[in-house]
Amino acid sequence: MSSSETAPGRGTAVVIGGGLAGVVAAWALRGSAERIVVVERDRYPDEPTFRAGVPQGRHAHLVLEAGHRALEEMMPGIKQELSAAGAHQVAVSGDLKWLSSAGWMADYPARLGFLSCTRPVLDKLILDRVRTEPSIEFLEGTDVVGLLGSAGAVTGVKVRERGPKRGSERDAERDPGQNSGRGEVRDIPAALVVDASGRSTSVPKWLAELGCRPVPEERVDAGVAYTSQLFHRPPGVDLGYQAIYLQTKAPDKPRMGVLLPVEGDRWIVSLAGMRGAEPEPGEEGFTKHLAQLRDPGLRDALRDAEPAGEVRGFLPGPGVRRHYERGGPEGLVVVGDAASTFNPVYGQGVTVSLFCAQALRRTALRHGGIGHATARDAQREIAAVSKNAWMMSCAEDVRFAATTGGPSGALIRIQHRFLDRVLAGATRNPEVTEAFHEVLSLVAPPSLFFRPSVLAAVLRS
């Protein structure tokens, strides 16, 4: 008799997707599952480099204060490792020059900050830590092509090897047929399946094939598009700050830009526009969009900077929140972008993926394994920990007339008016600024604005 039969609720967990959300979910399950299999369609590069399976990887990424607290809790010492690899700790006031829709944020002695580095460095260090766990194995160069089970429960996955070659994003571009040699489809039975396959998840389609009813979902689409480029920091240049964020201002200024410090004495600059103000492609489009921002500060910072890479574009698609906690089958947990996909301009995605992993670990430890009760409770907690980020993202997106979907009506108009008061206060009153940063850093819920001292400061402002 197998160990999974003698110990109900234990056995094998399969994680679909070996990106950041997937590897931290696998790490969360250590000790609760006897075997954890991460199925990743790419083959990981030996060194930190951009890869085809992370199309958003070439654009600005940060780990919010709540995110790097969660990461350090799950992987003690990882923050120091990231700093040693060149990640920057950027204080939200003093180190960051932030132009909100109401004006420049007031300065104060900030306790909060975010981690800034390129996505490959973040992914590689987290992956290296996860690989130290003997119960976690990786199937690289392998596609999940379907689910096992029925309308009532998912019991595993169907996989197929893609091909023998190991490669980065550049290898895939040189040889698009590198994965043309495909193996036979085989089954991996599992007590728990975790979908961490991101924005392009096929799990809803596979669930339909099993006879499951569609999971309720919300959609909001601001039509955002990105263009990004790396730059060498000019020698001897001191901007007086580490990072700059020029935010959109609804309804008539739908362009934003951000400059973040990354490893190798470089800057990563990402520009974005909502529907109707999308950046045009290439160097020319990047330069044109830069000149159309609300403030010339970012353009001035780059005046003497030499490019350290080519311009790359990205179309993230709509924001989608899938409510698996309301109607998903047994034995399935959905995390990260596969559960809630946000407009990337708010920088919430990495942090929410870490929240999902924490929720998964809490529930697995509470139930002592990876059975159906764990999956149900984990999905409810994941919905709860991602709710505030979704609400804030949607509320901002719908300020733009070209946005489709999202909340509407009198309540959202009242919320907008109140937030406008908060933002106005944050340009003048450090107490309001600090509260705003706590909420935007996902350290505190939006209800913080109604704490008597903060509310009084907002109203005075």
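1. How many bridges join strand β1 to strand β12, and in which sense do the two strands run? In this predicted model, β1 (residues 12-16) and β12 (residues 192-195) run parallel and are joined by four bridges. One position can be checked directly: A13 has L192 as its bridge partner in β12.

2. These two strands belong to an open sheet of five strands, in the order β8-β2-β1-β12-β21, with parallel pairing. At the edges are β8 (136-139) and β21 (332-334), each of which pairs on one side only. On average, neighbouring strands of this sheet are turned by 20 degrees against each other, direction ignored. Helix α12 packs on the sheet, where α12 touches β12 and β21. The direction of α12 makes about 15 degrees with that of β21.

3. A second region to inspect is the antiparallel pairing around β16. Strand β15 (residues 243-246) pairs with β16 in the antiparallel sense over three bridges, and within this pairing Y245 has V258 as its bridge partner in β16. β16 also pairs with strand β17 (residues 266-273), again in the antiparallel sense, here over eight bridges. In that pairing L259 stands opposite V269 of β17. The hairpin of β16 and β17 has three residues between the strands, and G264 takes a positive phi near 80 degrees there.

4. Is strand β16 largely enclosed or largely open? Of the eight residues of β16 (residues 255-262), seven are buried, so the strand is largely enclosed by the rest of the structure.

5. The structure holds 29 salt bridges. One of them joins the side chains of R43 and E161, with an N to O distance of 3.3 Å. This pair links distant parts of the chain, 118 residues apart: R43 is in the loop between β2 (35-39) and β3 (62-63), and E161 is in strand β10 (residues 154-161). The partners fall into separate accessibility classes. R43 counts as buried at 15% relative accessibility, because the cut-off for buried is under 20%. E161, with a relative accessible area of 42%, is partly exposed.

6. A local case is the salt bridge between D128 and K124, whose closest N and O atoms are 2.9 Å apart. Both residues lie in helix α5 (residues 119-130); they are four residues apart and therefore separated by about one helical turn. D128 is partly exposed, its relative accessible area being 31%, whereas K124 is buried at 19%. The value for K124 should be read against the cut-off of under 20% for buried.

7. D420 and R399 form a further salt bridge, with 3.1 Å between the closest N and O atoms. The pair links distant parts of the chain, with D420 in helix α13 (residues 410-426) and R399 in the loop between α12 (372-397) and β23 (404-405), 21 residues apart. D420 is partly exposed at 35% relative accessibility, and R399 counts as buried at 19%.

8. Which residues are linked in a network of salt bridges? The members are R362, R366, D377, R380 and E381.

9. Four cavities of 30 Å³ or more are counted. The volume of the largest cavity is about 200 Å³. Its lining comprises 18 residues, and T49, R51, P120, D123 and K124 lie nearest the centre of this cavity. The elements giving two or more residues to that lining are α2 (20-28) and α5. Helix α5 gives the most, with five residues. K124 thus appears both at this cavity and in the salt bridge with D128.

10. Where does Q348 sit, and with which residues is Q348 in contact? Q348 is in the loop between β22 (340-341) and α11 (349-367). At 4% relative accessibility, Q348 counts as buried. Neighbours within four places in sequence aside, the contacts of Q348 are L64, F342, A389, M392 and S393.

Key. Residues are numbered from 1 along each chain as its sequence is written. This is a predicted model: local features need pLDDT of at least 70, side-chain atom pairs count only at pLDDT 80 or more; totals for chains, interfaces and linings use all residues. Side-chain values use heavy atoms; hydrogens and water are left out. A salt bridge is a side-chain nitrogen of Lys or Arg within 4 Å of a carboxyl oxygen of Asp or Glu. Buried means under 20% relative accessible area, exposed over 50%, partly exposed in between (1.4 Å probe, protein chains only). Two strands pair if DSSP finds at least two bridges between them. Axes are lines fitted to C-alpha atoms, for helices over the stretch in contact, and angles run from 0 to 180 degrees between N-to-C directions. Contact means heavy atoms within 4.5 Å. On a 1 Å grid over the protein atoms alone, a cavity is a set of points where a 1.4 Å probe fits but cannot get out, and a pocket is an open set with protein on both sides within 12 Å along at least five of seven lines; lining residues have an atom within 4 Å of a point. Grid points are joined across faces, edges and corners, and a volume is the space filled by probe spheres set on the points.
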